[in-house]
Amino acid sequence: MQNRAAQEVLSRFLATRTAKMTVIISRAIQRGELPPGTDAAGVIRTVTALIYYRLFIAGEQASEDIADSAAAAAARTGVLSAPATFG
């Protein structure tokens, strides 16, 4: 995006939305449905990217099944573990 102000607004918007939706993943972790250490924001970003790809790039219809399977596969396999902290 070439307009820096627009990029900053979009980034803040997406960060706020992602932060609000991470509670869904955090609750799944607490219930034992997802492994401890799962990166909740990473799961949300992955699912969102897949849905946007299907809608805007592939021109397909998104569905709840697509989102569910993407989130489950990514989160359960540990692909989206929270990054390790050093220090």
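Biologist: Which residues does Thr18 touch, not counting residues up to four places away in sequence?

Modeller: Thr18 touches Ala41 and Ile44, where contact means heavy atoms within 4.5 Å. Mind you, this is a predicted model, so local features need pLDDT of at least 70 and side-chain atom pairs count only at pLDDT 80 or more, while totals for chains, interfaces and linings use all residues. Residues are numbered from 1 along each chain as its sequence is written, and side-chain values use heavy atoms, with hydrogens and water left out.

Biologist: Why is Thr18 called buried?

Modeller: Its relative accessible area is 14%, and buried means under 20%, exposed over 50% and partly exposed in between, with a 1.4 Å probe and protein chains only. Thr18 therefore counts as buried. It sits in helix α1.

Biologist: And what makes α1 a helix in the first place?

Modeller: Helices are DSSP runs of H or I with at least four residues, strands are runs of E with at least two, and numbering starts from the N terminus. The chain has three helices and zero strands, so the pattern along the sequence reads α-α-α.

Biologist: Why does Ile25 count as buried?

Modeller: Ile25 has 8% relative accessibility, so it counts as buried. This residue also lies in α1, and beyond its neighbours within four places in sequence it is in contact with Leu34, Thr38, Ala40, Val43 and Ile44. Ile25 and Ala40 are 15 residues apart in sequence, yet 5.3 Å apart in space, C-alpha to C-alpha.

Biologist: What share of the chain is buried?

Modeller: Of the 87 residues, 23% are buried.

Biologist: How do you know that the second largest pocket has those lining residues, and what is a pocket here?

Modeller: Work on a 1 Å grid over the protein atoms alone: a pocket is an open set of points with protein on both sides within 12 Å along at least five of seven lines, whereas a cavity is a set where a 1.4 Å probe fits but cannot get out; lining residues have an atom within 4 Å of a point. By that rule the lining is Phe13, Leu14, Arg17, Thr18, Met21, Ile44, Arg45, Thr48, Ile51 and Tyr52. The elements giving two or more residues to it are α1 (4-30) and α2 (40-57). The volume is about 220 Å³, that is, the space filled by probe spheres set on the points, which are joined across faces, edges and corners.

Biologist: What makes Tyr52 and Phe56 a tilted pair?

Modeller: Rings of Phe, Tyr and Trp (its six-membered ring) pair if their centres lie within 6.5 Å; planes under 30 degrees apart are stacked, over 60 edge-to-face and the rest tilted. Here it's 5.8 Å centre to centre and 50° between the planes, so the pair is tilted. The count comes to one aromatic pair.

Biologist: Why are Tyr52 and Phe56 separated by about one helical turn?

Modeller: Because they are four residues apart in helix α2. Tyr52, at 43% relative accessibility, is partly exposed, whereas Phe56, at 63%, is exposed.

Biologist: Why is Leu55 called partly exposed?

Modeller: Its relative accessible area is 34%, so partly exposed is the label. Leu55 lies in α2 and, leaving aside neighbours within four places, is in contact with Glu60 and Ala62.
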